[in-house]
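The following exercises concern a ligand site and the pairing of aromatic rings. Please inspect the model before reading the solutions.

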Amino acid sequence: MSIADNYVRLRKELDTQCVKCGRNPSEVLLLAVSKTTGLDGVKEAISAGACDFGENRPDELIRKSETFPDVNWHFIGNIQSRRIPDIVGHASLIHSVCNISHVEKISNAAKTIGKVQDILLEFNISGEESKSGFPPEEAFNLLEKCMHMENICVRGFMTMAPRGDEVAIEKTFSGLSGLLERCNCEFSVKKDGSVSDNRFVLDQLSMGMSEDWKQAVVWGSTVVRIGRAIFAEDF
Ligand SMILES: *Cc1c(COP(=O)(O)O)cnc(C)c1O
């Protein structure tokens, strides 16, 4: 199977899974995670219809986004403070924000170039020590802080599920989905019952990878991040 075949097949499977879950296929973005492939691989995926790509290293994000500026580039990797201006300069959506000091730096970098940066907050739902992400209990506080930063727009949440353990995977995805719902309630209606002037509409859930995207779609994922199932020869 070629990269183009893989992409087309996955998009079809994703559409089928959406319909099975009573969801509209247009609600779920297939993010092609191109971190293991080169410019040729990206080109092939674009020829098969891919419009959104994810990278986890700033240098590759810069190189690929400058070569292919007509598709959308997402940053999904570990964020280092000193690379924030590079990331903000090249990413339409940053999925992996898990440090509050980075939020302010992202906002400042975005302000410098006259941009409002879309971000997702990453949560560690499973509680595994090896996973990055904010503890879910901090969600309300975090959103309140983000609200005061002009050049940030929080679009939703992101998480990574533990590998291989079906029950833990379900718990992770249902947990993130429930958290998003609670945050939307908390932030759209104030304590006195009036509707708040919250400028965030939390409608994005970035969850699901090559091995677990089907479960993620069941739990309301709006972005599945697929790497190996598109770009690896032996997946
Ligand atoms: C690499 C990566 C993916 C894609 O993983 P696959 O298992 O190859 O589909 C998704 N999300 C993040 C954050 C990644 O680093």
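Two exercises with worked solutions follow, based on a predicted model.

**Exercise 1.** Determine which residues surround the ligand and which side chains lie at polar-contact distance from its atoms.

*Solution.*
1. The shell around the ligand consists of Val33, Lys35, Ile76, Met160, Met209, Ser210, Arg225, Ile226, Gly227 and Arg228.
2. By character, this shell comprises 5 nonpolar, 2 polar and 3 charged residues.
3. A polar contact requires a pair of N or O atoms within 3.5 Å. Serine 210 places a polar side-chain atom 2.5 Å from a ligand oxygen. For arginine 228, a side-chain N or O atom is 2.7 Å from an oxygen atom of the ligand. For arginine 225, the corresponding distance, to a ligand nitrogen, is 2.9 Å.
4. Of the 390 Å² of accessible area that the ligand has on its own, the protein covers 90%.
5. The ligand takes up the space of the largest pocket.

**Exercise 2.** Classify the ring pair formed by phenylalanine 123 and phenylalanine 134, and locate both residues in the chain.

*Solution.*
1. The structure contains 3 aromatic pairs.
2. In the pair of phenylalanine 123 and phenylalanine 134, the ring centres are 6.1 Å apart and the planes meet at 55°, so the pair is tilted.
3. Both residues, 11 residues apart, belong to the loop between strand 5 (117-122) and helix 6 (139-147).

Notes
Residues numbered from 1 in each chain as written. Predicted model: local features only at pLDDT ≥ 70, side-chain atom pairs only at ≥ 80, totals over all residues. Heavy atoms only, no water. Near = heavy atom within 4 Å. Polar contact = N/O pair within 3.5 Å; in protein donor to acceptor, adjacent residues only side chain to side chain. Areas by Shrake-Rupley, 256 points an atom, 1.4 Å probe, with all protein chains shown as cover. 1 Å grid on protein atoms, 1.4 Å probe; cavity = no way out; pocket = protein on both sides within 12 Å on 5 of 7 lines; lining within 4 Å. Sits in = over half its atoms within 2 Å of the grid points. Nonpolar A, V, L, I, M, F, W, Y, C, P; charged D, E, K, R; others polar. Phe/Tyr/Trp six-rings, centres within 6.5 Å; stacked < 30°, edge-to-face > 60°. Helix = DSSP H or I, 4+ residues; strand = E, 2+ residues; numbered from the N terminus.
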